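User: Hi, could you walk me through this one slowly, since I'm new to reading structures?
Analyst: Of course, let's take it piece by piece.
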Amino acid sequence: MGDSNTDNELVQRVQKGDKSAFDLLVLKYQHRIVKLVSQYVREPADALDVTQEAFFKAYRALPKFRGDSAFYTWLYRIAINTAKNQLVYMSRRPMEVDLENENGERIELQEMQKTIDTPERLLLTNEIRETIIDAIDKLPVDLRAAITLREVEGMSYVEIAAAMDCPIGTVRSRIFRAREA
């Protein structure tokens, strides 16, 4: 039985009211989603919060899941959007900074800025990330799934073929076409 078939069966069970089936999906994908979200949200505690929120959103939306894509692809998109929303929220929140060290001495803000990302660096990183995400979003679903599983998740061609339920040659072709696009 393929991985996507197992996911589809679990999704159907959840849609019929079996909450324990969703627990199995969470256990299966929680580490991958935390890893994915951590690429956007740097603080580990925030990444865990965003992951939890993504699973919560997925659970609420699961009755509407039609299976047009693999469950993981659908969950991946929810996690990315949740992480992006968190970044927007965090950018609007005032930064809390303790300007005294443990001895009660005042720390110069310039010293602190050497150890944290500058706004310019963060802006450039976010612009590059947004450009890549926009380009991937414009791809057809099959190409988008293949390139995401390869480049973001680091899956092998064999794993992608199993996840997408298609031959390895098709996976190679889709990844090549996605990179070209």
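Analyst: Before we begin, two residues are said to be in contact when they have heavy atoms within 4.5 Å, and please keep in mind that this is a predicted model.
User: Okay, so what is Thr 82 in contact with, leaving aside its neighbours within four places in sequence?
Analyst: With those neighbours set aside, Thr 82 is in contact with Val 50, Glu 53, Ala 54 and Lys 57, while Thr 82 itself is found in helix α4.
User: And is Thr 82 buried or exposed?
Analyst: Thr 82 has a relative accessible area of 5%, and because buried means under 20%, Thr 82 counts as buried.
User: What does its side chain reach?
Analyst: The side chain of Thr 82 reaches the backbone oxygen of Ile 78, at 2.8 Å.
User: Switching topic: how many residues does the largest nonpolar core have?
Analyst: That core has 44 residues, and those with the most contacts inside it are Tyr 29, Ile 33, Val 37, Leu 62 and Phe 71. Several helices give two or more residues to this core, including α1 (3-15), α2 (19-38) and α3 (44-61), but the largest share, nine residues, comes from α4.
User: Why would there be such a core?
Analyst: As a general tendency, nonpolar side chains in soluble globular proteins are buried together.
User: You mentioned Phe 71, so which residues is that one in contact with?
Analyst: Leaving aside neighbours within four places in sequence, Phe 71 is in contact with Asp 7, Val 11, Leu 25, Tyr 29, Leu 62 and Phe 65.
User: What about aromatic pairs, how many are there?
Analyst: The structure holds eight aromatic pairs. One of them is formed by Phe 22 and Phe 55, which are edge-to-face, at 6.4 Å centre to centre and with 80 degrees between the planes. This pair links distant parts of the chain, with Phe 22 in helix α2 and Phe 55 in helix α3, 33 residues apart.
User: And how do Tyr 29 and Phe 71 pair?
Analyst: Tyr 29 and Phe 71 form a tilted pair, 5.9 Å centre to centre with 45 degrees between the planes, and the two residues lie 42 residues apart, in helix α2 and helix α4 respectively. Tyr 29 counts as buried at 2% relative accessibility, and Phe 71 is buried as well, with a relative accessible area of 1%.
User: Last one: what lies over the face of Tyr 157?
Analyst: Arg 150 lies over that face at 4.7 Å from the ring centre, and Arg 172 also lies over the face of Tyr 157, at 5.4 Å from the ring centre.

Conventions
Residues numbered from 1 in each chain as written. Predicted model: local features only at pLDDT ≥ 70, side-chain atom pairs only at ≥ 80, totals over all residues. Heavy atoms only, no water. Core = buried A, V, L, I, M, F, W, Y, C linked by side-chain atoms within 4.5 Å. Buried < 20%, exposed > 50% of the residue type's maximum accessible area, 1.4 Å probe, protein only. Helix = DSSP H or I, 4+ residues; strand = E, 2+ residues; numbered from the N terminus. Polar contact = N/O pair within 3.5 Å; in protein donor to acceptor, adjacent residues only side chain to side chain. Phe/Tyr/Trp six-rings, centres within 6.5 Å; stacked < 30°, edge-to-face > 60°. Lys NZ or Arg CZ within 6 Å of the ring centre and 35° of its normal.
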